[in-house]
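Here's a walk through a fold and its ligand site. Have the coordinates open as you read.

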Amino acid sequence: MSNWSFDLRAQQRPMRARTGQAPTHMRGRLLARRLACQTWSTAATRMGGVPLLAGPAIVPGSFARLTQPVLELDDAVLRPWQASDAPDVVRAYAEPSIQQWHVRSMTEDEARAWIGSWPHRWAQEAAGGWAIADGSGLLGQISLRRLDLGNGLGEVSYWVLPPARGRRLATRAVRALSGWVFEQLQLHRVELTHSTANPASCRVAERAGYRLEGTKRREGLHADGWHDMHLHARLVDDPPQDAAAPARRADVPRGTSL
Ligand SMILES: CC(C)(COP(=O)(O)OP(=O)(O)OC[C@H]1O[C@@H](n2cnc3c(N)ncnc32)[C@H](O)[C@@H]1OP(=O)(O)O)[C@@H](O)C(=O)NCCC(=O)NCCS
């Protein structure tokens with residue numbers, strides 16, 4: 001079960017739905033909020049001075065105001081990054097299969113800077129990153145690597161360290177994060193892309209309910225050249241998993257929710 005620390009819908013309830021006069025101690029806060037809403041509506045409905053006719057899908061500020069949640073899987077958690085993760089992050093980005101698809105390596109200083117960048121990216125409503133970990137340490141990562149509140153869109157990305165692979169950790173992490181962004185942030189579409197040469201990632205996408213929508217030709221530049229990329233996406237009202245996928249796999253620990 002996920003540990004969601006904030007109910008955004010309650011925060012987004014329109015003020016006009018509330019009746020009666022606010023207590024004196026709350027009036028300043030309500031006025032500030034009303035002014036913020038007016039500023040939002042002006043900024044969001046004009047682009048380069050030209051009025052937009054739709055949106056924004058999600059009020060600016062909705063993401064930055066959320067506390068980053070810890071999302072629980074049965075045998076691991078998705079939690080915010082910690083400075084002490086830096087040596088494990090260096091090891092992960094030195095791992096050939098992670099380097100191959102994520103196309104980067106890191107020194108320990110760079111890993112510390114990367115970890116330190118996540119709160120800033122959260123505050124900018126640009127992205128959010130989680131470590132996947134258990135009592136033994138780091139198992140993987142998952143991120144909302146792109147966020148577009150105006151259009152209600154996000155994109156997920158992930159890797160899992162080799163010793164933790166094959167127990168549906170990536171699939172379960174994608175499902176858990178998707179549940180949070182759809183229910184708490186109220187995105188309406190989340191995308192996932194991977195090289196067509198990476199069938200394991202394709203499987204994760206399908207199993208987490210991200211339908212294949214097409215192939216973006218020569219879209220990803222990798223160390224060995226251009227790769228065609230599969231575009232998968234899940235909409236807020238899509239089923240959370242591939243109905244055709246078998247319910248269980250023999251090597252998944254007993255008692256683990258799939
Ligand atoms: C892709 C990755 C995240 C999967 O992590 P994981 O926790 O082992 O994934 P899961 O156990 O949830 O599912 C993996 C699925 O891929 C399948 N798979 C694994 N290797 C495969 C291969 N070479 N060809 C086809 N399918 C493969 C597994 O059988 C499983 O499918 P199933 O559940 O139907 O049996 C992990 O392998 C990884 O980090 N790879 C390197 C980095 C990467 O590819 N990141 C994604 C970039 S888009």
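## Around the ligand

Helix 7 is the top contributor to the shell around the ligand, giving 6 residues. Bear in mind that this is a predicted model, where local features need pLDDT of at least 70, side-chain atom pairs count only at pLDDT 80 or more, and totals for chains, interfaces and linings use all residues. Residues are numbered from 1 along each chain as its sequence is written. Helices (H or I, at least four residues) and strands (E, at least two) are DSSP runs, numbered from the N terminus.

The ligand is surrounded by 22 residues, and the closest are Arg165, Ala170, Thr171, His194 and Arg203. A residue counts as near a molecule or strand here if its C-beta atom, placed from the backbone, lies within 6 Å of it. At least two shell residues come from each of helix 4 (96-102), strand 7 (153-160), helix 6 (169-185) and helix 7 (199-207). Sorted by class, the shell holds 10 nonpolar, 6 polar and 6 charged residues. For that sorting, Ala, Val, Leu, Ile, Met, Phe, Trp, Tyr, Cys and Pro are nonpolar, Asp, Glu, Lys and Arg are charged, and the others, Gly among them, are polar.

## The chain overall

There are 7 helices and 10 strands in the protein chain. Of its 258 residues, 26% are buried, meaning that 20 or more other C-beta atoms lie within 10 Å of the residue's own, with C-beta atoms placed from the backbone.

Contacts are pairs of residues whose C-beta atoms, placed from the backbone, lie within 7 Å. Among those with a separation of 6 or more, 61% link residues 24 or more positions apart.

## The sheet

Now for the strands, which pair if DSSP finds at least two bridges between them. An open sheet of 8 strands runs in the order 3-4-5-6-7-8-10-9, and its pairing is mixed. Strand 3 (71-72) and strand 9 (211-222) are the edge strands, each pairing on one side only.

At the strand 3 edge, a hairpin with 4 residues in between leads to strand 4, and the two strands run antiparallel with 2 bridges. Leu71 has Leu78 of strand 4 as its bridge partner. Leu78 in turn is bridged to Ile132 in strand 5, where strands 4 and 5 are antiparallel and share 4 bridges. At the other edge, strand 9 pairs with strand 10 (residues 225-235), also antiparallel, over 8 bridges. There, Lys216 sits opposite Met229 of strand 10.

## Helices on the sheet

Helix 6 packs on this sheet, touching strands that include strand 5 (128-134), strand 6 (137-148) and strand 8 (189-195), and its direction makes about 40° with that of strand 6. Such angles run from 0 to 180 degrees between N-to-C directions, with axes as lines fitted to C-alpha atoms, for helices over the stretch in contact. Why is helix 6 largely enclosed by the rest of the structure? Because 14 of its 17 residues are buried. Its end C-alpha atoms are 23 Å apart, which agrees with the 24 Å expected at 1.5 Å a residue, taking 1.5 Å times one less than the number of residues. Just past helix 6, Gln186 has a positive phi of about 65°.

Helix 7 lies across strand 8 and strand 10, at about 160° to strand 8. Its Ser201, Val204, Ala205 and Arg207 are buried, and the buried residues of helix 7 pack against helix 6, strand 8 and strand 10. Gly209 follows helix 7, with a positive phi near 85°.

Methods: Buried ≥ 20, exposed ≤ 12 C-beta atoms within 10 Å, placed from the backbone. Contact = placed C-beta atoms within 7 Å.
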